[in-house]
Amino acid sequence: MAKLQPIQTNFSAGEFSPELEGRVDLEKFNNSAKLLRNVVVMKQGGATIRPPLQFMAQTAGGAAGTVRPVPFIFSRSVAYMLEFGSTSMRVWKERALVESSPGVPYVLATSINAAHLDAMDYASSGDTMVIVHDEFAPKRLRRFADDTWVIDDVPFAPMAMYERGERPGTTVTISNVAVGAGRTITATAAAFLASDVGRTVEYAAGVALITAFTDTTHVTATVTQAFLTVGAFAGEWTITGTPMTTLTPSAKDPVGATITMTLGAAGWRAGDVGSHVDVNGGLVRITQFTSTTVVSGVIIRELISATAAQAEFWVLNAPAWNDIDGYPTTVTFHQQRMWLGATRKFPQSVWGSKSGLSFDFTPGTADDDAVYKTAASDDSSPLLYLVSANRSLIMLGYGNEFEGIGGVEKPITQTNMQINPGSDWGSELVRPQKIGKELLFAERGGTSLRVMYPQQVDGYDSSDLSIYSQHLLTAGLKSVSYERKPNSVLWAVMQDGTFGAFTYSREDSMAAWCSATTDGEVEWVATIPDGAEDVTYATVLRTIDGVEQRNIEMFNWGAENGKFDSRGEQTDSPAKATWDGLDHLEAKVVGVVADGVYVGTFTVSGGEIELPRTALAISYGIPYEARITVRAPEVGTGTGTSQGQAQSTNRIWLRLLNTIGMRVNGKTLEFRRLGAGVLDAPVQPFTGLKDVADYGWDNGSSDIELIQDQGAPWTVLAVIRNFTTNAG
């Protein structure tokens with residue numbers, strides 16, 4: 001028989017997965033718990049009841065369509081939470097809705113609908129936020145005042161470009177889809193020009209080299225790769241490359257001058273306005289279409305000469321982002337450039353603006369010119385997120401992670417950028433979060449959270465932060481948000497509406513997952529600074545009086561009493577027993593703390609509750625149970641392990657901090673002092689060691705179950721027990 005008095009001093013390993021119950025050899029085993037529900041492990045190691053979700057307001061659209069909170073952080077002292085719904089945006093500042101007039105929330109109309117919210121990415125610089133999605137041109141959101149915001153398309157000057165070719169707006173057919181010469185390609189309306197000879201027609205896996213021009217609707221071609229179909233509709237086929245003829249500019253300089261560009265054969269189209277011509281080492285933006293042989297343009301980069309450029313020695317570049325090729329899906333700001341990445345046509349490409357000019361993507365080889373690069377890999381790995389991390393541009397792809405770096409003493413430029421492959425875990429469509437110099441991201445599939453951390457010699461390494469609590473992420477991550485203060489917590493929302501708190505600090509060896517539930521579903525979380533601390537907002541879907549309703553709610557660490565969800569609080573004088581204004585909790589059973597004393601649960605009817613006595617102040621909301629289940633420790637015995645032996649915990653001491661009430665293995669602990677005049681007064685928080693009664697023997701386990709279900713403060717710092725094992 002072994003008699004010991006072990007102490008569990010912290011919960012820094014979090015809620016351990018059931019698959020690890022046999023891993024008593026792990027150092028983390030005795031710093032974990034069997035269950036940590038609706039609690040948060042503090043960065044010092046103790047576990048405290050999670051903050052309640054404070055009710056802020058119903059969303060503008062009610063239950064019709066989801067709402068996503070998006071942080072807009074100008075500085076630590078000026079920050080907003082933007083409530084994006086379907087085609088509208090509201091603004092939160094200092095825990096209140098910004099109003100356009102008293103009682104009327106400010107609303108900005110947008111073209112962003114509910115279907116865009118899941119995949120929408122964003123980045124801020126100063127008073128401007130850029131919002132991107134594959135289905136719309138990048139948006140610019142600008143703040144002019146708390147109640148004055150403007151959203152429009154980013155005014156690129158110019159947009160990123162590439163040699164796109166032509167996409168005529170007409171149907172096309174070919175006389176014979178098989179490989180061979182002498183095929184006739186026919187368009188239903190004018191599509192071809194004389195300088196298209198030498199270019200190719202491509203659609204449906206087929207390629208045909210144009211060999212002769214008949215008229216604007218007919219050309220002759222040689223099929224070099226068979227077509228799958230005889231024809232293609234408008235927008236589905238392309239005349240590739242640049243017109244195959246000479247180009248003569250009227251002048252070579254200066255920058256800003258307007259010149260003409262003349263072709264040796266018909267080749268310009270009206271749709272070329274806005275495109276750029278790379279000729280004789282210079283760059284000219286086409287501003288006016290005159291004829292199929294003459295256009296005007298503005299010099300963007302000086303030409304070396306104004307001599308004629310032969311076919312294939314000049315390039316016509318069109319905008320890279322459009323409805324057919326798609327628009328960038330991710331954005332960040334890094335080293336004084338705006339970086340955009342991943343379109344449908346170029347899923348592994350990134351584009352960096354000119355240095356210091358976020359909307360200028362003029363290409364070139366000078367250090368301040370725009371950067372065009374592709375993250376190459378063995379398989380198709382569309383980029384999901386770009387993240388500025390220290391000196392690196394991190395690229396998180398569906399199948400790989402990449403690191404973009406510049407020179408030893410220079411930032412990234414077109415000529416020095418290196419894109420180094422990292423790990424191949426892959427990422428999920430969950431916006432990553434930075435913690436210090438580390439980057440946390442959802443692994444492909446969403447059932448693991450990984451961290452990328454810099455190494456002294458070779459880029460970044462990656463490790464799994466959820467391996468010990470894998471069971472908590474089986475539904476898949478949907479949204480995560482990091483709250484730096486007060487407890488270094490990452491709030492994590494799952495696809496099924498449950499959520500959790502992950503306390504992380506590498507320097508303190510802290511990686512603790514806790515599970516959480518509420519009466520409803522948490523859909524999104526986002527965090528902004530709020531004074532010396534951070535505040536996290538959440539979109540919560542609840543059923544109120546039989547009808548679904550979406551709320552904006554906030555994790556309220558400052559709620560000392562009444563730790564209830566969809567929480568509200570009221571004061572009035574004189575004292576009263578009937579309280580109204582609880583419409584957002586209609587038909588719900590709510591817990592109530594009146595004048596600092598828990599008075600029980602009540603059903604809201606007509607937006608009101610009736611208390612058994614009068615009170616000056618109440619806090620109320622949907623009760624949730626905080627629970628910690630501490631397993632028996634692994635201790636050495638004369639015969640080896642204590643696992644499987646008869647076990648007895650015959651005395652328990654709990655080291656508590658600012659705690660009011662709890663139950664231990666079903667027994668309620670008393671915290672109230674007795675005496676005249678104290679029964680109706682608030683119970684004072686207890687700090688210190690609490691002695692708990694005896695318990696008996698059990699085979700193979702000696703769990704301790706700690707519960708707080710009255711919405712009161714509760715923090716457990718350590719668990720001490722008299723512990724006896726007997727192989728008997």
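Select F213 to begin, and look across to β25, where V219 stands opposite F213. This is a predicted model, in which local features need pLDDT of at least 70 and side-chain atom pairs count only at pLDDT 80 or more, while totals for chains, interfaces and linings use all residues. Residues are numbered from 1 along each chain as its sequence is written, and side-chain values use heavy atoms, with hydrogens and water left out.

**First stop: the sheet around β25**

Strand β24, residues 206-215, pairs with β25, residues 218-225, in the antiparallel sense over seven bridges. Strands here are DSSP runs of E with at least two residues, as helices are runs of H or I with at least four, numbered from the N terminus, and two strands count as paired if DSSP finds at least two bridges between them. Strands of a sheet pair through backbone hydrogen bonds, either parallel or antiparallel.

Now widen the selection to the open sheet of seven strands, which runs in the order β26-β21-β22-β25-β24-β23-β27 with antiparallel pairing. At its edges stand β26 (231-232) and β27 (238-239), each with a single partner strand, so one side of each is left without a neighbour in the sheet. On the other side of β25 from the opening pair, select T184, whose bridge partner in β25 is T220; β22 and β25 are joined in the antiparallel sense by five bridges. From there, follow β22 (residues 180-187) to β21 (residues 172-174), an antiparallel pair with three bridges, in which V172 stands opposite A187 of β22. A hairpin of five residues makes the connection between β21 and β22.

**Second stop: another open sheet**

Select next the seven strands that form an open sheet in the order β20-β33-β30-β31-β32-β29-β28, where the pairing is again antiparallel. Its edge strands, β20 (161-162) and β28, each pair on one side only. Within this sheet, β30 (residues 276-279) and β33 (residues 314-319) run antiparallel and are joined by four bridges, and V277 can be found opposite L316 in β33.

On the edge strand β28, pick out T248. T248 is partly exposed, with a relative accessible area of 31%, where partly exposed lies between buried, under 20% relative accessible area, and exposed, over 50%, using a 1.4 Å probe and protein chains only. Apart from its neighbours within four places in sequence, T248 is in contact with T260, M261, T262, A306 and A308, contact meaning heavy atoms within 4.5 Å. If you draw a distance from T248 to R164, 84 residues apart along the chain, their C-alpha atoms are separated by 21 Å.

Move on to A251, in the loop between β28 (247-249) and β29 (258-263). A251 is also partly exposed, at a relative accessible area of 23%, and, leaving aside neighbours within four places in sequence, its contacts are I259, I299, L303 and A306. Between the C-alpha atoms of A251 and T307, which are 56 residues apart along the chain, the separation is 8.7 Å.

**Third stop: S17 and the cavity**

Where does S17 lie? S17 is in the loop between β3 (14-15) and β4 (32-33), and at 2% relative accessibility it counts as buried. Not counting residues up to four places away in sequence, S17 touches Y468, S469, Q470 and H471.

Two of these residues, Y468 and S469, also appear in the lining of the largest cavity, together with A13, K28, L465, S466, A511 and W513. A cavity is a set of points on a 1 Å grid over the protein atoms alone where a 1.4 Å probe fits but cannot get out, whereas a pocket is an open set with protein on both sides within 12 Å along at least five of seven lines, and lining residues have an atom within 4 Å of a point. The volume of the largest cavity is about 40 Å³, and a search of the whole structure finds one cavity of 30 Å³ or more.

**Last stop: the nonpolar core**

Finish by selecting F11, I628, L654, M662, V664, L706 and W714, which touch the most other members among the 30 residues of the largest nonpolar core. Such a core is a set of buried Ala, Val, Leu, Ile, Met, Phe, Trp, Tyr and Cys residues joined through side-chain atoms within 4.5 Å. Centre the view on L654, which, leaving aside neighbours within four places in sequence, is in contact with M662, V664, L669, G688, L689, K690, V692, L706, A718 and V719.

Notes. Grid points are joined across faces, edges and corners, and a volume is the space filled by probe spheres set on the points.
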